[in-house]
Amino acid sequence: MRTFILFLSLFLSAAPVFSQSHAEVVAQQGDGIYLLLRRHGLEPAEHLRTFIELNQDNLGQDNSLYAGRSYLLPASSGGNAAVSKPAKAAPAVLIEPLFGKAYERVEIKDNQLQGTVYYLLAGHGGPDPGAIGKYGPYELSEDEYAYDVTIRLARRLMEHGATVYMIIQDPDDGIRDENILKMDRDEVSYFEKQVPHGQVQRLRSRVADVNRLYLKHNGVHQRMIAVHIDSRSEGQNIDVFFYHHENSSDGMALAQRIHEVFDTKYNRYQPNRSYFGTVTTRSSLYVVKYSHPPTVFVELGNIRSEKDQRRFVIPNNRQALANWLCEGIIADYKSSK
């Protein structure tokens with residue numbers, strides 16, 4: 001099942017709908033309320049409640065939109081109609097089933113990333129588990145841990161108003177709080193496609209999905225984050241490091257901002273050790289070379305190192321990685337304005 005992060009459902013306090021003329025627009029495939037409103041120059045924070053009231057008989061489950069159907073748009077606040085506002089608006093809440101029952105309710109905390117679009121690509125998936133590490137009697141697969149960090153990052157970005165696409169999705173897993181994440185092979189690509197068996201085909205498929213969506217959002221702030229876990233000689237621990245394309249100044253800036261956050265966090269929480277994570281170019285990586293949005297390729301550590309394993313086996317550490325990535329992304333967007 002394809003899920004478009006961010007736009008599935010909104011639970012807001014009711015507001016009166018005033019008698020006036022409303023433009024009628026047709027929802028496109030993949031549209032949700034946020035995307036539809038923004039495409040027509042309307043701020044969701046201002047117009048969501050009215051949109052739902054206007055179209056309540058034409059909405060699907062959890063206030064989803066039907067592709068091909070017509071919807072009425074709220075009148076722009078620049079018009080002549082006087083609208084009384086409630087003294088205190090209820091917080092916008094999204095319901096995103098991809099996050100799982102425990103985490104599907106997402107409260108929008110602020111609009112720091114409003115108007116931005118992020119493509120999140122968890123490494124490997126489907127028939128390809130990626131690197132494998134041993135953790136006592138258990139096997140750890142790269143794709144499961146990279147996915148959990150990535151989907152946690154998606155949720156954090158949504159809390160700040162971003163439009164987020166999970167390019168690889170597992171509709172059964174959600175965000176998981178276990179140490180040992182069970183391996184499976186049921187991940188799918190964004191446009192409801194099975195993940196191809198061949199490595200080149202897999203890379204082409206996910207890059208094609210990103211580039212197709214990139215064209216749809218032409219003209220807005222767009223970035224891609226690819227999340228992986230390295231596999232080096234057993235016992236070699238490495239810090240989180242970042243790759244970007246040599247000709248992408250935006251990709252380099254994003255990588256540097258995230259790196260700065262990680263450096264600061266390590267100095268604060270582990271003051272007795274230095275942080276050796278780096279920002280370097282690696283233009284030959286397929287997703288870095290061929291993806292249209294500026295891209296940062298993240299390696300979270302060595303899945304075969306006992307020290308590095310603690311970085312992503314412990315759920316709170318996976319959340320910390322997502323939080324720090326999000327903090328760097330916000331810093332990058334603020335610096336780009």
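These are my notebook entries on what I looked up in this predicted model.

**Entry 1, the whole chain.** I began with the overall make-up, and the secondary structure of the protein chain comes to eight helices and 14 strands. Of its 337 residues, 54% count as buried, and the accessible surface comes to about 15400 Å², of which 46% belongs to carbon and sulfur atoms. I then looked up the contacts with a separation of 6 or more, and residues 24 or more positions apart account for 75% of them.

**Entry 2, helix 5.** I checked the length of helix 5 (residues 249–269) against expectation: at 1.5 Å a residue its 21 residues should span 30 Å, and the end C-alpha atoms are 30 Å apart, which agrees. Next I listed the buried residues of this helix, which are G251, L254, A255, I258, H259, V261, F262, K265 and Y266. They cover an arc of only 155 degrees around the axis, so they lie on the same side of helix 5. On the other side of the helix I found S249 and R268 exposed. What do the buried residues of helix 5 pack against? I noted strand 11 (221–230), strand 12, strand 13 (279–281), strand 14, helix 7 (306–313) and helix 8 (315–336).

**Entry 3, aromatic rings.** I looked up the aromatic pairs, of which the structure holds 13. For Y243 and F297 the ring centres are 6.1 Å apart and the planes stand at 40 degrees, and because angles from 30 to 60 degrees count as tilted, I recorded the pair as tilted. This pair links distant parts of the chain, with Y243 in strand 12 (residues 241–244) and F297 in strand 14 (residues 295–302), 54 residues apart. Are these two residues buried or exposed? Y243 counts as buried because its relative accessibility is 11%, under the cut-off of 20%, and F297 is buried too, with a relative accessible area of 6%. I also noted a cluster in which ring pairs link F242, F262, Y266, Y269, Y275 and W324.

**Entry 4, arginines.** I turned to charges over rings, and R69 lies over the face of Y66, at 3.8 Å from the ring centre, while the charged end of R152 sits over the ring of Y103, 6.0 Å from its centre. Y103 came up again when I looked up R155, since R155 is in contact with F99, Y103, R105, V106 and I175, leaving aside its neighbours within four places in sequence. R155 has its place in helix 3 (residues 142–159), and at 16% relative accessibility I entered this arginine as buried.

How values were computed: Residues numbered from 1 in each chain as written. Predicted model: local features only at pLDDT ≥ 70, side-chain atom pairs only at ≥ 80, totals over all residues. Heavy atoms only, no water. Helix = DSSP H or I, 4+ residues; strand = E, 2+ residues; numbered from the N terminus. Buried < 20%, exposed > 50% of the residue type's maximum accessible area, 1.4 Å probe, protein only. Contact = heavy atoms within 4.5 Å. Areas by Shrake-Rupley, 256 points an atom, 1.4 Å probe, with all protein chains shown as cover. Phe/Tyr/Trp six-rings, centres within 6.5 Å; stacked < 30°, edge-to-face > 60°. Lys NZ or Arg CZ within 6 Å of the ring centre and 35° of its normal. Expected span 1.5 Å × (residues − 1). Arc of directions from axis to C-beta.
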